[in-house]
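Hello,

Here is the structure I promised to pass on. Please open it next to this email, and I will walk you through what turned up.

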Amino acid sequence: MAKRDGDSESARRPLAGTLIRIGAAFALLALLYYWRVIDLGALAILLARPDILALALVISLANIPLEALRWHILLRAQGIDLRLWRTIRVLATSAFFTNFLPGAAGGDLIRGVYVYKAAPGRRAAAMLSILIDRLIGLVAFVLLGLAAMLTRPIGRGPLEFSVLGLSALFIARLVLLFFYGHVMAQALQRLLRGRSARLAQIIDDIGAALRQYARDGRSTGLAILLSVVIVGCAVGPIMLIAEALPFAGPSAADYGIAGLYALIANSLPVTPGGLGVGEGAFASACIMLAPQAAHVAYGTIFLAFRCVFILSTLPGFAAYLTEL
């Protein structure tokens, strides 16, 4: 009886955490509306441009097979040759659940279950492919964000220097992970060999997988090139929606830069799908880039993009139902 009560209590904790995050998301949206960061009236104006919405939806839909292809390449680099069509279905399901689970990591759980079942004997390498896929995607956002920022006048304030410094540090650490991660894994494996054989074996497998990524520069380079295209397909709809709404101030390039950093913030595991976080980050970036129009409801642009993105993930729900 006590065990059953303990199981019920442990089951209620994740549910309570999810409900708290959902409540926080809607509370944040309400605050953004109260502070006029979001203007629902502007969304009605956007509905009068079905051509823009349709084009934004098509571009967003293209991201799913592109992301699946990138992950497929990283899996094959480890000698894990799974069906591409199956990988597309799993990634589409993952993208759908990302809207309802806290942050992008929630959707990655779906991918983790898939590769855990599909790659027995290579599970450490298969699970690592999800992390590497996420990091390569993130580095493309950071690189393009840096390139875009360097094309415009940069102030000498601490915020600009902090963004540039943190971005450069992230890229440097990722390079070290790819080229020297297996060396660090070997050192850690030797340290744990006499204490935890199981953990030492897992770390050894991870080191071998990192060594393989470092050797297969072709696959890694192709994954990075795909990431650049994927970033374009993610930011493009934001720029289209921004140009269709009657907001003055930032240029199209500024909207693109704001979209890059808002999408990064949107992936933080704070609220389901980053609801409210992405809108606030996008509005803050727009104000930083165009301070002369600080009272414009820029968050509306990202909210409209979120609606389009949710529509683009509905095929993932159909894929999930067919798996039941």
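A salt bridge here means a side-chain nitrogen of Lys or Arg within 4 Å of a carboxyl oxygen of Asp or Glu. By that rule, the structure holds seven salt bridges. Please keep in mind that this is a predicted model.

First, the overall picture. The protein chain has 13 helices and zero strands, so its pattern along the sequence is simply α-α-α-α-α-α-α-α-α-α-α-α-α. Of its 324 residues, 44% are buried. Among contacts between residues at least 6 apart in sequence, 76% join residues at least 24 apart. The chain exposes about 16,800 Å², and carbon and sulfur atoms supply 68% of that area.

Back to the salt bridges, beginning with Asp108. Its side chain meets that of Arg111 in a salt bridge, at 3.0 Å from N to O. Why do Asp108 and Arg111 sit about one helical turn apart? Because they are three residues apart in helix α5, which covers residues 103-118. As a rule, an α-helix has 3.6 residues a turn, so residues three or four places apart point the same way. Both Asp108 and Arg111 are buried.

Asp108 also forms a salt bridge with Arg134, and here the closest N and O atoms are 2.8 Å apart. Arg134 lies in helix α6 and Asp108 in helix α5, so this pair ties together parts that are 26 residues apart in sequence. The two partners differ in cover: Arg134 is partly exposed at 36% relative accessible area, whereas Asp108, at 14%, counts as buried because the cut-off is under 20%. Salt bridges that share partners join Arg70, Asp108, Arg111, Asp133 and Arg134 into one network.

Another of the salt bridges pairs Asp51 with Arg49, with the closest N and O atoms 3.3 Å apart. Asp51 is partly exposed at 45% relative accessibility, and Arg49 is partly exposed too, at 33%.

Now for the nonpolar interior. The largest nonpolar core has 40 residues, and those that touch the most other members are Ile241, Tyr255, Leu263, Phe282, Tyr298 and Ile301. Which helices supply at least two residues each to this core? They are α1 (2-34), α2 (40-47), α3 (50-77), α6 (123-150), α9 (217-244), α10 (252-266), α11 (277-289) and α12 (299-312). The largest share, seven residues, comes from α9. There is also a second, separate core of 32 residues, which includes Trp71, Ile80, Leu210 and Ala223. In soluble globular proteins, nonpolar side chains tend to be buried together.

Ile301 is a handy residue to click on if you want to look into the largest core. Leaving aside its neighbours within four places in sequence, Ile301 is in contact with Ile238, Ile241, Ala242, Leu245, Phe247, Tyr255 and Phe282.

The helix that holds Ile301 comes next. Is α12 mostly covered or mostly open? It is mostly covered, with ten of its 14 residues buried. Those buried residues are Gly299, Thr300, Ile301, Phe302, Leu303, Ala304, Phe305, Arg306, Val308 and Ser312. The cover over them includes α2, α3, α9, α10, α11 and α13 (314-323). The length of α12 fits as well: at 1.5 Å a residue, its 14 residues should span 20 Å, and its end C-alpha atoms are indeed 20 Å apart.

Two last places, this time on the outside. Val175, Leu176, Phe179, Tyr180, Val183 and Met184 form a nonpolar patch on the surface, with about 590 Å² of accessible area together. Leu176, one of these residues, is in helix α7 (residues 158-192) and is partly exposed, with a relative accessible area of 44%.

Finally, Arg36 has a positive phi of about 65° although it is not a glycine. Arg36 lies in the loop between α1 and α2, and at 68% relative accessibility it counts as exposed, because the cut-off for exposed is over 50%.

Happy browsing, and do write back if anything is unclear.

Best wishes

Technical notes:
Residues are numbered from 1 along each chain as its sequence is written. This is a predicted model: local features need pLDDT of at least 70, side-chain atom pairs count only at pLDDT 80 or more; totals for chains, interfaces and linings use all residues. Side-chain values use heavy atoms; hydrogens and water are left out. Patches are made of residues with over 30% relative accessible area and no salt bridge: like charges are joined within 9 Å, nonpolar side chains (Val, Leu, Ile, Met, Phe, Trp, Tyr) within 5 Å. Accessible areas come from the Shrake-Rupley method with a 1.4 Å probe; for residues, only the protein chains shown count as cover. Helices (H or I, at least four residues) and strands (E, at least two) are DSSP runs, numbered from the N terminus. Buried means under 20% relative accessible area, exposed over 50%, partly exposed in between (1.4 Å probe, protein chains only). A nonpolar core is a set of buried Ala, Val, Leu, Ile, Met, Phe, Trp, Tyr and Cys residues joined through side-chain atoms within 4.5 Å. Contact means heavy atoms within 4.5 Å. The expected span of a helix is 1.5 Å times one less than its number of residues.
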